[in-house]
Amino acid sequence: MVSRKKPSSRVGRRPSTTRGEISDLGIELFAKNGFDETSVDEIAEAAGIARRTFFRYFPSKNAVPWGDFDEQLGALRTLLGQLPKDISLAEGIRSALLQFNTFPEDEKPVHRQRMALILHNPALQGYSMLMYEGWRLVIAQYVAARTDSDPNDHFPRTVGWMVLGVAMSAYEQWLTDETLELADLLSQGTRALYAGLDGHASDTTAAKESP
């Protein structure tokens, strides 16, 4: 997900009118006061909108960390759809995954807060599974189109889960150390898509044993 720069919450500012703006304000409040302790009313007040207006943008508080996720899924689908027809399946997925998870340096702090909420807050796990399903489907649809199969067939479904695992593992590792580069972690994680598990394990062992 690519997040936008956080708008100011000063009194008298213009109301926030996009999912991205409201999401960033919500994340700011979650980081300051805690997710469970922050109410929909408080998010709406910070955004300068009415409570009923909030629900025009989000079905619940649990959706706030995800921002405009439908738009992001559309962006991922576009990235995959624009890949060259002769690119390998693994390279195509790696390329789209890296582009999809690239964001400006000044947005890194709010993006770290967003992903920490999504990955580590127990209250969000059920809702997050629904979001992951939509994300996996986009990957499966690309794989199905490339392999003349159906997105619900076993292979496209398996690749969807694999790529989701690569992305989640990279983000979890990224959150443990601010010096790590997300792009490097994503690239390293996708190696298994090229060589398979046995090939990747062999490469890792050889690298550790080399002088």
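1. Read from the N terminus on, the elements of the protein chain run α-α-α-α-α-α-α-α-α-α, which agrees with a count of ten helices and zero strands. The coordinates come from a predicted model, and the points below should be read with that in mind. Of the 211 residues of the protein chain, 43% count as buried. Among the contacts with a separation of 6 or more, 65% are accounted for by residues 24 or more positions apart.

2. On confidence, the protein chain has a mean pLDDT of 87, with 86% of its residues reaching 70 or more. Two stretches deserve caution. Over residues 1–12 the pLDDT is below 50, although this stretch has 41 contacts in the model beyond near neighbours in sequence. Over residues 204–208 the pLDDT is also below 50, and here the model has zero contacts beyond near neighbours in sequence. I would ask that the contacts of residues 1–12 be presented together with the low pLDDT of that stretch.

3. The largest nonpolar core holds 56 residues, and those touching the most other members are Phe-54, Leu-76, Leu-80, Trp-135 and Ile-139. At least two residues of this core are supplied by each of α1 (19–33), α2 (40–47), α4 (69–81), α5 (89–100), α6 (108–120), α7 (125–147), α8 (154–174) and α9 (182–189). As background, nonpolar side chains in soluble globular proteins tend to be buried together.

4. What surrounds Phe-54, once its neighbours within four places in sequence are left aside? Phe-54 is then in contact with Ile-22, Val-40, Ile-43, Ala-44, Ile-49, Ser-60, Lys-61 and Val-64. Helix α3 spans residues 51–57, and Phe-54 is one of the residues that touch the most other members of the core.

5. The count of salt bridges comes to four, and three of them are taken up here. In one, the side chains of Arg-51 and Asp-41 meet at 3.0 Å, N to O. This pair links distant parts of the chain, with Arg-51 in helix α3 and Asp-41 in helix α2, ten residues apart. Both partners fall between the limits of 20% and 50%: Arg-51 counts as partly exposed because its relative accessibility is 44%, and Asp-41 is likewise partly exposed because its relative accessible area is 40%.

6. A further salt bridge joins the side chains of Arg-94 and Glu-91, at 2.8 Å, N to O. Both residues lie in helix α5, three residues apart, which is about one turn of the helix. Arg-94 is partly exposed, with a relative accessible area of 22%, and Glu-91 also counts as partly exposed, at 23% relative accessibility. Since buried means under 20%, these assignments depend on where that limit is set.

7. Are the partners in the salt bridge between Glu-105 and Lys-108 buried or exposed? Their closest N and O atoms are 3.2 Å apart. Glu-105 is exposed because its relative accessible area is 58%, whereas Lys-108 counts as buried because its relative accessibility is 14%.

8. The largest pocket has a volume of about 160 Å³. Its lining consists of Arg-77, Leu-80, Gly-81, Leu-83, Pro-84, Lys-85, Val-138, Gln-141, Tyr-142, Ala-145 and Arg-146. Helices α4 and α7 each supply at least two residues of this lining, and α7 gives the most, with five residues. Leu-80 lines the pocket and is also among the residues that touch the most other members of the largest nonpolar core.

How values were computed:
Residues are numbered from 1 along each chain as its sequence is written. This is a predicted model: local features need pLDDT of at least 70, side-chain atom pairs count only at pLDDT 80 or more; totals for chains, interfaces and linings use all residues. Side-chain values use heavy atoms; hydrogens and water are left out. pLDDT is the predictor's confidence in each residue, from 0 to 100. Contact means heavy atoms within 4.5 Å. A nonpolar core is a set of buried Ala, Val, Leu, Ile, Met, Phe, Trp, Tyr and Cys residues joined through side-chain atoms within 4.5 Å. Buried means under 20% relative accessible area, exposed over 50%, partly exposed in between (1.4 Å probe, protein chains only). Helices (H or I, at least four residues) and strands (E, at least two) are DSSP runs, numbered from the N terminus. On a 1 Å grid over the protein atoms alone, a cavity is a set of points where a 1.4 Å probe fits but cannot get out, and a pocket is an open set with protein on both sides within 12 Å along at least five of seven lines; lining residues have an atom within 4 Å of a point. Grid points are joined across faces, edges and corners, and a volume is the space filled by probe spheres set on the points.
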